[in-house]
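The following exercises are intended to be worked with the sequence and the coordinates at hand. Each task is followed by a solution in steps.

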Amino acid sequence: MALFDCVQLLDVTGPLEVFAAANDHGACYRLLTASLGGREILTTAGARLAADVSLEDITGKVGTLIVPGRPDWRAAVSDASLITAIRRLAGLSGRVASVCAGAFPLAATGLLDGHRAATHWRLAQELADNFPRVEVDPDSIFVRDGKVISSAGVTSGIDLALSLVEEDFGPQVARAAAKYLVVFMARPGGQSQFSVRQAARQPRHQLVRQVLDAVTADPAADHSLEAVAGRVGVSVRQLTRLFRAEAGMTVTRFVEQIRIEAAQGLLESGTDSLDVVARRSGFGSEETLRRAFQRKLGITPGTYRARFRTTRTGEPTLAAIP
């Protein structure tokens, strides 16, 4: 774990606690914190952290390099010595991970050029604007592209770490660590940082707000362009233009995202068949539901249910991240 001044405390302690808990249940991680010169650092919470070693003194192979985030990411990326040290260590590492604003130092090294990356939703546009060669995913909890894994805001570092434990030592060890930490369910990397309704721009036009609220309230209703336009009393062309301008996406895309979110909730909390879930969430058929999940989340509804829901009362299940 790389340390530097003004890092977010939970970005550091969250993943470290996951790996430490995993060690108590069969894993064998060697945990090290390292800073420039081996100096003590001050976190955003005011807590001081002592480094185990100096970043400059690490010369051997590293299994996983984790870079936490600093809210003032500009200060982090302007530290040439820090960026050089991270770039060098990344070359020695089997994989490299960032938590929250830690994506910015990674981007400054060039490691994210041409790759997908995640960060906190409030920083996603800044990452895209300042590092245009990075393909920023503003929505996902975490993203893996090659040997680089980047996660969203603070607690998503715990989700990322649990997925790495599962990858290294299998689901039993990861599940035991999650239970010890009282993490009831690890979120899939593709899960949104916030609900679809929250993600949409807040429209000024009452007509568009009406459509957003109607779709959210009843995903299974008929929300074809023609039906929606008829309900609000405008032409399909006018609805399409207004909705894209006000909500930042098409009506069709919004409806599909709301239905996926509804289906996720049904899969996580219930035992209905996939055919019933498809009808209740508005997809109509199991095949349509399956295609939407594959396109948006990269997994089938059945796999999502198996990985991301509680199997019985009192026994939380850890997600096995692909």
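**Exercise 1. Overall composition**

Task: State how many helices and strands the protein chain has, and what percentage of its residues count as buried.

Solution. The coordinates are those of a predicted model. Step 1: the secondary structure of the protein chain comprises 15 helices and 11 strands. Step 2: the chain has 322 residues, of which 48% count as buried. Step 3: considering contacts between residues at least 6 apart in sequence, 63% join residues at least 24 apart.

**Exercise 2. The nonpolar cores**

Task: Identify the residues that touch the most other members of the largest nonpolar core.

Solution. Step 1: the largest nonpolar core has 59 residues, and L55, L65, L112 and V165 touch the most other members. Step 2: helix α3 (residues 80-92) contributes the largest share of this core, namely six residues. Step 3: another core, of 18 residues, lies apart from it; V208, V232, L239 and V255 are among its members. Step 4: the surroundings of L65 may then be listed. Leaving aside residues up to four places away in sequence, L65 touches A2, I86, L89, A90, S93, R95, V96 and A97.

**Exercise 3. A three-stranded open sheet**

Task: Determine the strand order of the open sheet of three strands, and decide which strands lie at its edges.

Solution. Step 1: the order is β1-β2-β5, and the pairing is parallel. Step 2: β1 (2-3) and β5 (53-54) each pair on one side only, and they are the edge strands. Step 3: β1 and strand β2 (residues 34-35) run parallel and are joined by two bridges. Step 4: within this pairing, A2 has A34 of β2 as its bridge partner.

**Exercise 4. A hairpin and a buried strand residue**

Task: Describe how strands β10 and β11 are joined, and find the residue of their hairpin that takes a positive phi.

Solution. Step 1: strand β10 (residues 142-145) and strand β11 (residues 148-151) run antiparallel, with four bridges between them. Step 2: R144 has I149 of β11 as its bridge partner. Step 3: two residues lie between the strands of the hairpin, and G146 takes a positive phi near 70°. Step 4: I149 also appears in the surroundings of S98, a residue of strand β7 (residues 93-98). Not counting residues up to four places away in sequence, S98 touches V67, A103, L106, I149, S150, S151 and L160. Step 5: the relative accessibility of S98 is 0%, and S98 therefore counts as buried.

**Exercise 5. Aromatic pairs**

Task: Classify the aromatic pair of F19 and Y29 and the pair of W73 and F104 as stacked, tilted or edge-to-face.

Solution. Step 1: the model has six aromatic pairs. Step 2: F19 and Y29 lie 4.8 Å apart, centre to centre, with 55° between the planes, and this pair is tilted. F19 belongs to helix α1 (residues 9-23) and Y29 to the loop between α1 and β2, 10 residues apart. Both F19 and Y29 are buried. Step 3: W73 and F104 lie 4.3 Å apart, centre to centre, with 20° between the planes, and this pair is stacked. Because W73 is in helix α2 (residues 73-77) and F104 is in helix α4 (residues 103-109), the pair ties together parts that are 31 residues apart in sequence. Step 4: W73 has a relative accessibility of 5% and therefore counts as buried. F104, with a relative accessible area of 0%, is also buried. Step 5: F19 and Y29 form one aromatic cluster together with F169.

**Exercise 6. The packing of helix α10**

Task: List the buried residues of helix α10 and establish how α10 is oriented towards α11.

Solution. Step 1: in helix α10 (residues 225-232), the buried residues are A227, V228, A229 and V232. Step 2: these buried residues pack against α9 (206-217) and α11 (236-247). Step 3: the axes of α10 and α11 are 9 Å apart and meet at an angle of about 90°. The two helices are therefore roughly perpendicular. Step 4: L225, E226, V228 and A229 of α10 make the contact with V236, L239 and T240 of α11. Step 5: after α10 comes G233, which has a positive phi near 75°.

Key: Residues are numbered from 1 along each chain as its sequence is written. This is a predicted model: local features need pLDDT of at least 70, side-chain atom pairs count only at pLDDT 80 or more; totals for chains, interfaces and linings use all residues. Side-chain values use heavy atoms; hydrogens and water are left out. A nonpolar core is a set of buried Ala, Val, Leu, Ile, Met, Phe, Trp, Tyr and Cys residues joined through side-chain atoms within 4.5 Å. Buried means under 20% relative accessible area, exposed over 50%, partly exposed in between (1.4 Å probe, protein chains only). Contact means heavy atoms within 4.5 Å. Two strands pair if DSSP finds at least two bridges between them. Rings of Phe, Tyr and Trp (its six-membered ring) pair if their centres lie within 6.5 Å; planes under 30 degrees apart count as stacked, over 60 as edge-to-face and the rest as tilted. Axes are lines fitted to C-alpha atoms, for helices over the stretch in contact, and angles run from 0 to 180 degrees between N-to-C directions. Angles under 35 degrees count as roughly parallel, over 145 as roughly antiparallel, 65 to 115 as roughly perpendicular and the rest as oblique.
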